[in-house]
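Me: I would like a close look at a single part of this model. Could you walk me through it?
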There are 2 protein chains.
Amino acid sequence: MTKRLKLVGWSKEHKGQVRNQILESAARLFMRRGFDNVSIDEVMQNAGLTRGAFYAHFKSKSELYAEAIRDAALKSIHAQEKAPPICERVENYLSVAHRKGEEMACPLAFLVSDVSQQNDTVRDVYTKVFKGFVTRLSESTQENISNQQALQSAVLMIGGMAIARALNDDSLAEQLLVACQQAIDL
Amino acid sequence: MTKRLKLVGWSKEHKGQVRNQILESAARLFMRRGFDNVSIDEVMQNAGLTRGAFYAHFKSKSELYAEAIRDAALKSIHAQEKAPPICERVENYLSVAHRKGEEMACPLAFLVSDVSQQNDTVRDVYTKVFKGFVTRLSESTQENISNQQALQSAVLMIGGMAIARALNDDSLAEQLLVACQQAIDL
DNA sequence: GTCTATAATTCGATAGAC
DNA sequence: GTCTATCGAATTATAGAC
């Protein structure tokens, strides 16, 4: 079903688009239900394809998972950079909307303990994304904050969101998110 | 295979022991690999039994998961109360040993995102355990700290440990744990 | 209460036609 | 590259003997 226009070279572009569709479908599903509760069949259906086509793009489910995390992180960063003031970014991150995970979603918070059960490749991607998160946090401040302060803020954001998502008490969760906002002084 | 001594009434006690063995086996396995990567068969084998006996103690895998979290939390609390000074408890919690999860393990940190994918019953147990964690934190201090301060400290402990476990960089993880310790002022 | 046996699914990955 | 078909493996839960 590949679009093949030899004169225009549409094929390569098309494959990139399909790969992107798979990655977005995967990120959305993995973020909601974790690695094990998402099947390749489901990912491909949401991308408008069938199972068989999967292995032309990724060599395993685990590789897809790692790439989906990397991709979701890049897009989450891209979305964040529309709100330049750092305090506003923190508010957006620690928002009720983010907790519900309907729009943007940060894999660092949504998949913490999920990742800690995965192989080294996946955990390497997570680690790299986390380092980027911390670096961007310290570079976004006017006074150069210490690396330790950036780490603390990162924990309050990522950890706070992760815990808020686990709680089955909306009121307590909101209270928790506010407390984390207050604790972050940048 | 039940021990039935009608005169002594050993049977009920025996069932309690078996249930406890299952719960401990489950907690250890769930904490390491999450809900989906642990089979009932495995849990029962580690408890010295076979699959079929499982449903005489729990009505589903999900119920076992909830009970295992509750049980692990109770035992984790019991272990913590051997170290009265609150600062020492924080150090123990944010230790490299805890991150490796070989001895005690806190389900709040080890299963955060795992729980956020489970049903209301499981999330209710998690929420109740979390509330107890926060309450005990504020009551352990000499000056009555605010509820907000207790929430912030809880996030730094639980969230910090959860993230440290996901990272595939021991040095960075240790740095993170130290940063969380420093941020907690009780 | 515990065992063996099995029903009923589900899923990851591969093979081969187009 | 994408499809259909299928293998092989694993899992939850139940049934029935002891």
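Which residues of chain A does the UniProt annotation "DNA-binding region" cover?

Reply: Happy to help! This is a predicted model, in which local features need pLDDT of at least 70 and side-chain atom pairs count only at pLDDT 80 or more, while totals for chains, interfaces and linings use all residues. Residues are numbered from 1 along each chain as its sequence is written, and chains are lettered from A and ligands numbered from 1 in the order in which they are written.

According to the unreviewed UniProt entry, the "DNA-binding region" covers residues 39-58 of chain A; positions follow the numbering used here, feature names are shortened, and annotations may be inferred rather than shown by experiment. Over that stretch, chain A is 35% helix and 0% strand, with its end C-alpha atoms 14 Å apart. Helices (H or I, at least four residues) and strands (E, at least two) are DSSP runs, numbered from the N terminus.

Now for the DNA. Around DNA strand D there are 19 residues, of which A:Leu49, A:Thr50, A:Gly52, A:Ala53 and B:Ser39 come nearest; a residue is near if its C-beta atom, placed from the backbone, lies within 6 Å of the strand. Two or more residues each come from helix H1 (10-33) of chain A and helix H2 (40-46) of chain B. By class, this surface has 7 nonpolar, 7 polar and 5 charged residues. Here Ala, Val, Leu, Ile, Met, Phe, Trp, Tyr, Cys and Pro count as nonpolar, Asp, Glu, Lys and Arg as charged, and the others, Gly among them, as polar.

As for the partner chain, 39 residues of chain A are in contact (C-beta atoms, placed from the backbone, within 7 Å) with 39 residues of chain B. H9(A) gives the most to that side of chain A, with 12 residues.

Conventions
Two residues are in contact if their C-beta atoms, placed from the backbone, lie within 7 Å.
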